[in-house]
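Work through the exercises below with the model open. Try each task before you read its solution.

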Amino acid sequence: MRKGSIRLIAAASVIALALTGCSSSKDDAANTDTKFEIFTWWASGGEAAGLQGMIDVYTAQNPNTEFINAAVAGGAGVNAKAVLASRLEANDAPDSFQAHAGMELDGYVRSGKLEDLTSLYASEGWDKVFPADLIKTLTVDGKIYSVPVNIHRANVIWWNPATATKAGITAAPATLDEFFADLEKFKKAGVTGLALAGKGDWAIAHLLDWMLLASMGPDKFEGLYNGSTSWTGPEVAAGIKNFQKALSYGNKGAGNLDWPDAGKLVTSGKAGFFIMGDWASAQWQSDGLKLGTDYTYAAAPGTVGIYQWLSDSFTLPVGAPHRNAALAWLKVCGSLEGQDAFNPKKGSIAVRTDTDLTKYDAYLQSAAADWAKDRLVGSTVHGVNGNNALMAAYSAAVGKYFSGGYKDNAGLAKDLAAAYEAGKA
Ligand code: GAL
């Protein structure tokens with residue numbers, strides 16, 4: 001009897017386990033959760049506007065779920081990631097959090113923080129409308145762990161046409177030589193050549209990431225992350241030399257500026273160029289500025305024909321308190337309606353191949369065309385090439401170099417080599 005009931009209980013738990021493991025029935029559960037907490041660093045400007053677009057879709061579909069937006073301000077997640085790490089450590093996971101496709105996501109998966117979402121891909125048909133190569137960057141050991149909402153481009157140069165005209169610049173600099181020649185022209189016209197944002201280090205690191213790519217080309221650059229290009233070799237040394245030269249054209253007081261502040265230097269005519277991801281365009285539009293008149297763009301010099309990409313995605317953390325509400329959110333993230341509500345305001349293109357491009361401005365339409373034909377190379381500072389440990393050490397190395405007056409090139413190369421190693425630990 002006793003044995004029998006144990007067997008019965010065991011059989012029942014096997015069935016229960018099978019049901020839990022069978023995520024399609026579990027993931028199809030209706031959302032009866034009364035709350036949903038999402039964690040991002042999209043706290044203001046174009047970032048918050050983009051997120052709001054998707055929140056509106058969610059709340060229309062889930063009117064009985066209170067939406068709790070736990071955004072922590074600070075570009076590229078400099079502050080948010082630290083808060084998130086301590087919450088995850090304390091078993092206080094939000095219901096969904098933002099993570100970049102690539103090695104950043106891989107880090108969360110390998111430390112056991114995320115649920116497998118593979119069955120959602122089949123039930124929502126995402127395996128057919130998301131690019132297969134992108135899905136690979138969300139996959140660890142055959143399982144898919146997040147839902148991508150966008151593709152951003154990191155290697156864009158922005159400028160104000162009126163300031164360029166004043167300096168005698170009539171076309172975008174396509175090469176590094178042309179870039180440096182234009183920086184001289186700005187200098188002669190009494191304009192700071194390059195807008196720099198030093199707060200939190202990441203935006204200066206973003207500049208270096210582009211400069212290394214522009215200086216050594218995509219194959220050598222990718223080699224930095226597969227061990228075939230040395231961080232202490234001649235290619236990185238030449239890239240850092242170019243970086244040092246570019247920094248010398250930067251604004252004073254950059255240490256106090258986050259990227260939206262540095263961007264304003266360009267739109268207000270105080271600085272010439274800004275190398276920044278395409279979220280800058282969304283930021284300016286949320287400030288009421290006009291693409292083509294107040295600011296314009298090109299692929300960053302030395303990287304024409306290369307799309308340095310990154311992708312924001314949303315996850316289902318292990319232990320999410322409102323799991324059904326989170327699944328409903330993830331479905332919005334992957335949907336056509338969600339992506340086309342989010343991306344035109346966020347300044348990114350949709351992941352879905354059936355996106356309605358008429359909803360996107362001229363910049364984003366050109367980005368979509370480039371994404372389809374350019375050589376794709378991942379961003380380092382936004383999670384594709386390295387995990388959080390690598391990114392933190394990379395940004396700290398660049399911050400140290402920049403605040404030290406950008407003199408110690410060999411020291412920077414050594415610190416970058418150590419950052420790469422930190423990502424492997
Ligand atoms: C990136 C993120 C973008 C944007 C940017 C600046 O890491 O992927 O969506 O938020 O930081 O904050």
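The exercises go from the whole protein to single residues.

This is a predicted model, where local features need pLDDT of at least 70, side-chain atom pairs count only at pLDDT 80 or more, and totals for chains, interfaces and linings use all residues. Residues are numbered from 1 along each chain as its sequence is written, and side-chain values use heavy atoms, with hydrogens and water left out.

**Exercise 1. Overall build**

Task: Find how many helices and strands the protein has, and judge its compactness.

Solution:
- Step 1. Count 19 helices and 14 strands. These are DSSP runs: H or I of at least four residues for helices, E of at least two for strands, numbered from the N terminus.
- Step 2. Take the radius of gyration over C-alpha atoms; the globule rule is 2.2 Å times the number of residues to the power 0.38.
- Step 3. The radius is 23 Å, close to the 22 Å that the rule gives for 425 residues, so the protein is as compact as a globular protein of that length.
- Step 4. Add the box: the C-alpha atoms fill roughly 90 × 45 × 35 Å along the principal axes.

**Exercise 2. Burial and contacts**

Task: State what share of the residues is buried, and what share of the contacts joins residues 24 or more positions apart.

Solution:
- Step 1. Set the cut-offs: buried is under 20% relative accessible area, exposed is over 50%, and partly exposed is in between (1.4 Å probe, protein chains only).
- Step 2. Buried residues make up 55% of the 425.
- Step 3. A contact means heavy atoms within 4.5 Å. Among contacts with a separation of 6 or more, 77% join residues 24 or more positions apart.

**Exercise 3. The core**

Task: Identify the residues that touch the most other members of the largest nonpolar core.

Solution:
- Step 1. Define the core: buried Ala, Val, Leu, Ile, Met, Phe, Trp, Tyr and Cys residues joined through side-chain atoms within 4.5 Å.
- Step 2. The largest core has 136 residues, and Phe 179, Phe 243, Phe 274, Trp 329 and Tyr 394 touch the most other members.
- Step 3. Helix α11 (residues 202-223) gives the largest share of this core, 13 residues.
- Step 4. Follow Trp 329: its partners include Phe 36, Tyr 58, Phe 67 and Phe 314.
- Step 5. Phe 314 lies in strand β13 (residues 312-314). Phe 314 is buried, at 0% relative accessible area.

**Exercise 4. Two lysines**

Task: Decide whether Lys 346 is buried or exposed, then do likewise for Lys 188.

Solution:
- Step 1. Lys 346 is in helix α16 (residues 336-346). With a relative accessible area of 2%, Lys 346 is buried.
- Step 2. Lys 346 touches residues including Trp 42, Glu 47, His 152 and Asp 312.
- Step 3. Gly 50 is 296 residues from Lys 346 in sequence, but their C-alpha atoms are 4.3 Å apart.
- Step 4. Lys 188 is in helix α10 (residues 176-188). With 72% relative accessibility, Lys 188 is exposed.

**Exercise 5. Positive phi**

Task: Locate Asp 141 and Asp 201, and give the phi of Asp 141 and of Asp 201.

Solution:
- Step 1. Recall the background: most residues other than glycine have a negative phi.
- Step 2. Asp 141 has a positive phi, near 50°. Asp 141 sits in the loop between β4 (139-140) and β5 (143-144), and is exposed at 68%.
- Step 3. Asp 201 has a positive phi, near 70°. Asp 201 sits in the loop between β9 (192-194) and α11, and is partly exposed at 26%.

Technical notes
Lists of a residue's contacts leave out its neighbours within four places in sequence.
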